[in-house]
Each structure stands twice: as structure tokens, then as C-alpha cells.
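Visitor: I would like a close look at one single part of this model, taken slowly, with each term explained as it comes up.

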Amino acid sequence: MKQKLHQIKERVKDKKWAPAFNAIHTFLYTPNEVTHKGGTHVKAVDDLKRTMNTVIVALIPCLLFGIFNAGYQHYSAIEGFPQDFSVVEHFITWRNFLVGLTTVLPLLIVSYGVGLAIEFVFAVIKGHEVEEGYLVTGMLVPLIVPVDTPLWMLAIAVAFGVVIGKEVFGGTGMNILNPALTIRAFLFFAYPTWMSGDKVWVHGAVDGISKAGTADAISGETILGFLAQNKTAEMGFSLSDMFFGFIPGSVGETSTLLILLGGLYLVFTKIASWRIMLSATIGALAMGLLFNAVVDFGWIQSYSKFYSLMAFDFWKHLIVGGLAFGIVYMATDPVTSSQTNKGKWIYGFLVGFISVMIRVFNPGYPEGVFLAILLMNVFAPTIDHYVVQGNVKRRLKRAKQAKIYPASTPASVETQTA
Amino acid sequence: MPLLSKKESKLILDPLADNNPITIQVLGICSALAITAELKASVVMAISVLFVLAMGNVVISLMRNIIPSKIRIIVQLVVVATLVIVVDQTLKAFAYELSKTLSVFVGLIITNCIIMGRFEAFALGNGPWRSFLDGIGNALGYGVILIIVGFFRELLGSGTLFGIPVLGDPIAKTGLYAYGYENNGFMIIPPAALIVVGILIWIQRAKNPSLVEEA
């Protein structure tokens with residue numbers, strides 16, 4: 001089998017669509033022109049494909065949970081939330097799975113279908129190899145959109161995100177913005193009615209608009225939505241609901257527990273930067289604490305439209321909405337985040353800090369994570385630049401202050417300065 | 001004898017493609033972003049700039065030998081301002097609704113870099129007839145891009161062209177909207193114009209690689 005594939009590869013070598021074949025070929029098989037064994041080359045198995053596959057493995061629990069949650073939210077919105085909730089009885093059920101599968105799977109297929117098609121077309125036109133960057137993006141996209149996003153909208157957004165967000169800059173590894181978030185931002189600005197409000201987070205709720213006033217009309221407000229409207233009291237979700245993820249929201253973002261596990265997996269496999277995750281968490285907590293302090297000092301009245309979000313316990317920001325998902329899977333994107341270690345601390349801190357700030361001060365759309373990360377993506381190279389320059393300056397200063405001992409022979413001085 | 005000599009027709013045709021003021025020289029971007037959400041406004045803006053640039057080029061060209069070079073910018077500004085006021089008042093008199101849509105941007109034609117650029121680069125050194133053709137050419141090059149951008153932004157953003165619904169009624173759900181189509185709100189906001197212009201630049205450079213600067 002392996003040998004046969006190489007024969008085919010030799011045959012299509014000069015054809016126009018050779019990159020398309022190579023992409024499929026190298027996806028699971030090693031090509032035979034690898035660096036020879038032995039010798040002086042450093043070899044590692046964690047190439048781009050391995051990296052991407054690891055992230056996908058970390059995302060699969062979120063996807064599965066999202067599928068079940070889509071069904072659970074759908075039936076709970078119709079029949080009311082179960083009184084004594086048990087995971088096995090009410091959550092992991094066939095009917096939840098079926099509803100979830102029929103809503104989430106098409107999102108996944110459209111995301112991969114459109115995105116990979118564009119990648120292949122660009123690879124064939126430009127004659128380079130297909131890069132693996134879309135594998136993760138294609139998996140992230142269905143997880144960060146509402147379940148009932150119309151498929152044609154998703155297709156347009158994916159095409160926009162991949163072409164404008166990535167290919168125009170030169171493809172994988174050259175992009176300034178995270179493509180998945182570009183897609184999300186495009187959807188939000190192009191079709192705001194489908195991306196926010198109380199009708200889009202639960203499957204079937206949009207159909208309910210036409211049945212408004214009847215018993216079939218259902219709505220599913222997210223926790224941030226409740227808070228933005230100062231309706232904290234009406235919110236029926238407990239702390240464990242928020243942490244385990246039995247709440248309405250984008251497909252894959254609800255379960256903080258699974259995101260945490262995925263994040264730990266990524267940190268231990270050294271795929272994602274723990275510095276960014278930790279500093280983003282600290283940043284979010286710091287901003288949350290600041291807002292809590294404002295409330296505690298009584299500087300803001302309870303009729304203010306910001307009151308509920310400001311009074312929301314600072315640490316709870318991490319377990320609602322997309323903050324945890326954004327920090328673990330989006331902010332740590334190795335291409336668009338800062339590259340230097342110090343830069344990662346600054347970058348991460350500001351991601352968390354600005355996320356919570358946008359959340360509180362923009363009640364019309366109380367989810368600032370994607371905007372915060374996109375903003376910091378743009379600033380990441382600047383941060384790196386100053387970190388590197390700072391390092392250069394410090395070393396120069398050290399070199400100037402260093403006491404230079406007289407060299408033993410003039411010849412050795414010459415070799416040093418050369 | 002043809003109406004225009006080869007050199008003269010080049011003055012008009014060059015700015016339409018390979019020396020386009022917007023896509024190649026990247027001038028006049030502010031107005032291209034601001035008023036292209038509607039096709040009608042784009043067309044009116046294109047005509048206004050055509051008038052101001054062609055007339056201004058002629059006037060400056062006629063005066064080119066008597067303008068002291070130290071104060072030429074002021075003289076140029078006076079000429080543009082006069083012409084812009086003519087356009088502005090005409091619009092207010094005959095197309096009041098439209099002049100409200102264009103609002104301050106008609107006045108801002110004064111600051112449109114294309115106009116000052118052509119005065120400086122061409123009219124100060126060429127005769128009135130050639131300057132007139134150059135003004136027409138550059139204004140057309142500007143207008144073509146404006147109209148293309150306006151076409152896509154209005155079609156995708158509002159589903160209309162010149163205010164006429166061409167894709168059906170979004171509220172009554174007729175035409176395309178019956179199939180669940182929705183207007184793209186992103187196309188209404190100015191950043192969309194930047195992206196459309198960017199795509200135009202991309203297409204132009206892909207077709208004509210000689211335009212691409214060396215990296």
C-alpha cells in the first residue's frame with residue numbers, strides 16, 4: 001500500500017493537481033523522501049500535522065458534549081428543565097444525541113468542505129503544498145457558532161475567513177488574524193440577528209419566532225444575556241451547570257470542565273502555551289476584580305445597565321460564555337499569538353483583561369472574547385518587537401558596563417572582535 | 001484625423017487600468033470608504049469629482065505660468081474650493097435628498113488627494129487640453145472603482161441597486177429572501193469597502209504581475 005502510493009506520487013508529480021494528491025498522501029503516510037536516518041539532522045515527529053491532530057483530539061470532547069447539549073437544551077426549552085437532573089438520565093440520551101447530530105454535524109461538514117476546498121484550489125493555483133492549518137480551524141468553527149446558524153451563512157463566512165483572513169497573507173503560518181475568529185467576526189457583523197439575542201442558542205428557537213405567543217415559542221437566553229438585561233434573578237442555572245456546561249451557548253464553548261481538560265492535555269503535550277492560558281486567566285480575574293471593587297465601593301447604582309455584569313463574581317466570568325474556550329483554543333494559536341515568552345505574558349493578560357471589559361461595557365453583545373483576541377492578534381507582533389528590542393538594549397547596556405580585562409595576546413583580541 | 005492622438009488617448013485610458021488612482025496609487029481612499037454603501041451616492045460622487053477634477057485641471061493649467069510657486073498650494077485650494085461649492089450648491093438645489101446622503105463628503109472633495117495630486121503632478125506642467133483629458137481620465141478611473149465598490153456593497157448589503165430592490169423584499173420574504181437569504185450587514189459598514197477595494201487590487205495585480213512591487 002505504502003509503496004503503491006509512492007508510485008502514484010511519482011506519476012502525478014508534474015501534474016497541476018499534484019499538491020492535492022500530496023496533501024492526502026502525507027496526511028497519514030510518511031513520504032519516502034524524508035531526511036535520511038543518522039547524520040547530523042535533528043528530527044522530531046511533532047510536525048505540523050501531528051500538532052494539528054493533537055489539537056483536534058483535544059477538541060473532540062467539546063464537540064461530543066456540544067452535540068448532547070444541543071439536544072438537551074432543545075428538549076429542556078420545550079419541556080422545561082428536569083427537576084432532579086442526572087447526567088445519564090437527562091443528558092446522555094439518544095434523542096439528545098440525534099438532535100445534536102442533525103444540527104451540529106452539518107455545521108462541521110460545511111466548515112470542512114468549504115474550507116478545505118478553498119485550500120486545495122489555492123494550493124493547485126499557486127503550486128504549493130496544501131497546508132494543514134485548516135484542520136483545526138475547520139473543527140473550531142462549528143464549536144464557536146450558535147447551533148442554528150444557517151449553513152449557507154457559515155459557508156460564506158468560512159470562504160471569507162479562509163481567503164481574506166489567511167490566503168491573502170500567504171496561507172498557513174503567515175496569517176495575522178486567527179482564521180476561525182475571523183469567520184466568527186464576519187458572521188457577527190454580517191448577520192447579527194443570527195449571532196446574538198435569545199433566539200439563536202437553542203435549536204428550534206428561531207422557528208419559534210413565527211409561533212410567538214403560542215405554547216411552542218421557546219427562547220434560550222445565555223447567562224451573559226440574562227446579566228446584560230439585569231435579570232440575574234430569572235436565571236435558573238446553578239454554578240455546577242455553568243461549570244459542567246449544561247447551559248445555552250455556542251456549540252462547544254459551554255463545558256468549562258472539558259475545556260479545562262483539553263487545555264491540560266495541550267499544555268502537557270506542549271502544543272499550546274501555558275503562559276498565555278495562565279496570564280489570560282489572570283487578566284480576566286483582574287478585570288473582574290476591578291469591576292467587583294467598583295460595585296463594593298458603591299460607585300455604581302443598581303439601576304445602571306452595567307450593574308449585573310459588574311456585580312457578577314469575578315471568577316464566574318471564566319465559566320460562562322466563550323472566555324475559557326477562547327483562552328485555551330484561540331488565544332494560544334501559535335501563529336497569531338506572541339512568540340516571545342515575555343510577550344506571551346503581556347499578550348495573554350490583555351486578552352483576558354479586554355475580554356471581560358468588552359463583556360461588561362457592551363450589553364448589546366455581551367461576549368467580547370473574540371474581539372479581544374482579534375485585537376491582540378493585531379498587536380502581537382508589536383509586543384514581540386518591543387520585547388526583543390528591550391532585550392537587545394539590556395544586553396547592550398550589560399556589554400557596555402562589562403569590565404573588559406586586558407587580553408593576553410593581541411591576536412586573541414582580534415578574533416574576539418571579528 | 002482621429003479625435004485624440006495616441007498620446008492623448010493614453011492620458012484617458014491609463015488611469016482606468018494600470019495607473020488607477022485608487023487601486024494603484026491608493027489615493028482618494030477616504031471617500032471610497034465613506035460613500036460607497038449606496039450605488040447612487042457613488043455615481044453622484046464620481047460625477048462630482050469628474051467635474052471638479054477636469055475643470056480644476058484646466059483652470060490650473062491656464063494659470064500655470066503666472067502662479068508663484070511658493071503659494072501654488074493656496075491657489076490650487078481656492079480653485080478646488082470654488083468648484084466644490086458649485087457642485088455642492090447644484091446638488092442642494094436639484095438633488096436635495098442625495099446631497100443629504102453625501103453630506104459632508106461633497107465638501108471634502110477639496111481634500112481628495114487625487115485632485116491636489118493631479119494639479120501638482122500634471123496640470124502645473126501641461127497645456128489645458130492635455131490637462132483636461134488627464135482630469136477626465138483620472139476622475140473616470142476613480143469613478144469606475146467607486147461604482148464597482150458601490151454596486152457590490154449595495155447589492156450584498158441592502159439587496160437593492162439604485163434603491164430598487166432587485167433580490168426581493170426582505171420583510172415580505174419574496175424573491176431570494178423566501179429561500180432564507182439575508183442581507184449582509186457587514187457590507188454596510190465602511191471596513192467592507194476597504195476589503196472590496198483590497199480584492200479589486202488583488203485581482204488587478206494577479207492579472208498583471210508587472211504591477212506587483214518587488215518584495
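Leaving aside its neighbours within four places in sequence, which residues is Leu116(A) in contact with?

Guide: This is a predicted model, in which local features need pLDDT of at least 70 and side-chain atom pairs count only at pLDDT 80 or more, while totals for chains, interfaces and linings use all residues. Residues are numbered from 1 along each chain as its sequence is written, and chains are lettered from A and ligands numbered from 1 in the order in which they are written.

Once neighbours within four places in sequence are left aside, Leu116(A) is in contact with Tyr134(A) and Gly138(A), where contact means that the C-beta atoms of two residues, placed from the backbone, lie within 7 Å. Leu116(A) itself belongs to helix 5 of chain A, residues 94–126; helices here are DSSP runs (H or I, at least four residues), numbered from the N terminus. Leu116(A) counts as partly exposed because 18 other C-beta atoms lie within 10 Å, and the scale behind that word calls a residue buried at 20 or more other C-beta atoms within 10 Å of its own, exposed at 12 or fewer, and partly exposed in between. Further along the chain by 15 residues is Glu131(A), whose C-alpha atom is separated from that of Leu116(A) by 9.8 Å.

Both contact partners of Leu116(A), Tyr134(A) and Gly138(A), appear among the buried residues of helix 6 of chain A. That helix, residues 133–143, is mostly covered, with 11 of its 11 residues buried; among them are also Leu135(A), Val136(A), Met139(A) and Pro142(A). The cover over these buried residues includes helix 5, together with helix 3 (48–79), helix 7 (151–165), helix 8 (179–190) and helix 16 (323–330) of chain A.

Two of those covering helices lead on to other parts of the picture. Helix 3 of chain A gives the most to the largest nonpolar core, with 11 residues, a nonpolar core being a set of buried Ala, Val, Leu, Ile, Met, Phe, Trp, Tyr and Cys residues joined through C-beta atoms within 7 Å. This core has 138 residues, and those touching the most other members are Ala157(A), Leu187(A), Val351(A), Ile373(A) and Val52(B). Leu187(A), in turn, is in contact with Val145(A), Met153(A), Ala157(A) and Met195(A), its neighbours within four places in sequence again being left aside.

As for the whole of chain A, there are 19 helices and zero strands, and 44% of its 418 residues count as buried.

Note on methods:
Helix = DSSP H or I, 4+ residues; strand = E, 2+ residues; numbered from the N terminus.
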